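Please examine the two-chain model below. The exchange after it asks how each descriptive term is justified.

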Amino acid sequence: MRLAHKLAIESDNVRADAVEAMEFPQLAIKYNVRGVPRIVINETIQIEGAIPEPMLMAQLQEALKPADE
Amino acid sequence: MPLLQDKDKEVVETRFQEELVNPVRLVNFTQALECQFCAETRQLVEEVAALSDKIELEVYNFAIDKEKVEEYGVDKIPAIAIIGEKDYGVRYYGIPSGYEFSSLLEDIIDVSRREVELLPATREALAGITEPLHFQVFVTPT
């Protein structure tokens, strides 16, 4: 969780919610959350949350690549 | 009954004294009915805010204070926004207990200091991202 909030503090383009999955089960179902931490970005990108910072950024950049690249 | 034990309060109070730099606002959205953890969340932020004069607490009713709900973009409760010199987009939905409680404290300190520790490569990558990103990180109390 900390990393997402750090990214939000660092960048004006990022906002980050910590969502307690047990309190909002309908969201956990919506995003098919089976284990935590689980990161959902812009509704569509899903990343396993408990990974090192460089790996998260690499996965994020990969997911943000335009489809034609 | 307090949620934070005296010894924990002492530890947090000392950290806040040493590490908080600029004022921070905790903005809590709550309501009395049909919200299982709203009362506890409110109590928790009240206890945290009482540990430093640099932390100011604002509490709004999710059902009534529509302007504030819109201003902070809150769509569910209990919610906590951590606001510094600006709104960085840092939110907690649900009670931050267990490991998330320490995350809350670290976030308060980061917002107060207006800086975070990140790898240089992360800052560089982040600077290259121009589209808005909305992270939702699902957690459970541990």
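The questions and answers that follow set computed values against their definitions.

Q: How do you know which residues and features may be discussed in this model?
A: This is a predicted model, in which local features need pLDDT of at least 70 and side-chain atom pairs count only at pLDDT 80 or more, while totals for chains, interfaces and linings use all residues. Residues are numbered from 1 along each chain as its sequence is written, and chains are lettered from A and ligands numbered from 1 in the order in which they are written.

Q: What is the confidence in chain A, and which of its elements have the lowest and the highest mean pLDDT?
A: The term pLDDT denotes the predictor's confidence in each residue, from 0 to 100. Chain A averages 91, and 96% of its residues score at least 70. Among the elements of chain A, β3(A) (residues 45-48) has the lowest mean, 90, and β1(A) the highest, 97.

Q: What makes a segment a helix or a strand, and how many of each does chain B have?
A: Helices (H or I, at least four residues) and strands (E, at least two) are DSSP runs, numbered from the N terminus. Chain B has 5 helices and 5 strands, in the order α-β-α-β-α-β-β-α-α-β. Chain A has 3 helices and 3 strands, in the order α-β-α-β-β-α.

Q: Why is the radius of gyration of chain B said to agree with that of a compact globule?
A: The radius is taken over C-alpha atoms, and the globule rule is 2.2 Å times the number of residues to the power 0.38. For 142 residues the rule gives a value near 14 Å, and chain B has 16 Å, which agrees. The C-alpha trace of chain B spans about 45 × 35 × 30 Å along its principal axes.

Q: What makes β4(B) a mostly covered strand?
A: A residue is buried if 20 or more other C-beta atoms, placed from the backbone, lie within 10 Å of its own, exposed if 12 or fewer do, and partly exposed in between. In β4(B), 6 of the 7 residues are buried, so the strand is mostly covered. Over whole chains, 35% of the 142 residues of chain B count as buried, and 39% of the 69 residues of chain A.

Q: How do you know that chain B touches chain A, and which element gives the most to that side of chain B?
A: Two residues are in contact if their C-beta atoms, placed from the backbone, lie within 7 Å. By that criterion, 39 residues of chain B are in contact with 37 residues of chain A. The elements giving two or more residues to this side of chain B are β4 (87-93), α4 (99-113), α5 (120-127) and β5 (133-139). The most come from β5(B), with 7 residues.

Q: What is the division of this side of chain B into nonpolar, polar and charged residues?
A: Ala, Val, Leu, Ile, Met, Phe, Trp, Tyr, Cys and Pro count as nonpolar, Asp, Glu, Lys and Arg as charged, and the others, Gly among them, as polar. The side of chain B that touches chain A divides into 22 nonpolar, 9 polar and 8 charged residues.

Q: Why is β1(A) said to pair with β5(B) and with β4(B)?
A: Two strands pair if DSSP finds at least two bridges between them. β1(A) (residues 14-20) and β5(B) have 7 bridges in the parallel sense, and 4 bridges join β1(A) to β4(B), also parallel; both counts therefore satisfy the definition. A:Ala18 stands opposite B:Val137 in β5(B), whereas A:Ala16 has B:Val90 as its bridge partner in β4(B).

Q: What joins β3(B) to β4(B)?
A: β3(B) (residues 79-83) and β4(B) run antiparallel with 4 bridges, and a hairpin joins them through 3 residues. B:Ile83 stands opposite B:Asp87.

Q: Why are β3(A) and β2(B) placed at the edges of the sheet?
A: The open sheet has 8 strands, in the order β3(A)-β2(A)-β5(B)-β1(A)-β4(B)-β3(B)-β1(B)-β2(B), with mixed pairing. β3(A) and β2(B) (55-61) each have a single partner strand, so one side of each is left without a neighbour in the sheet.
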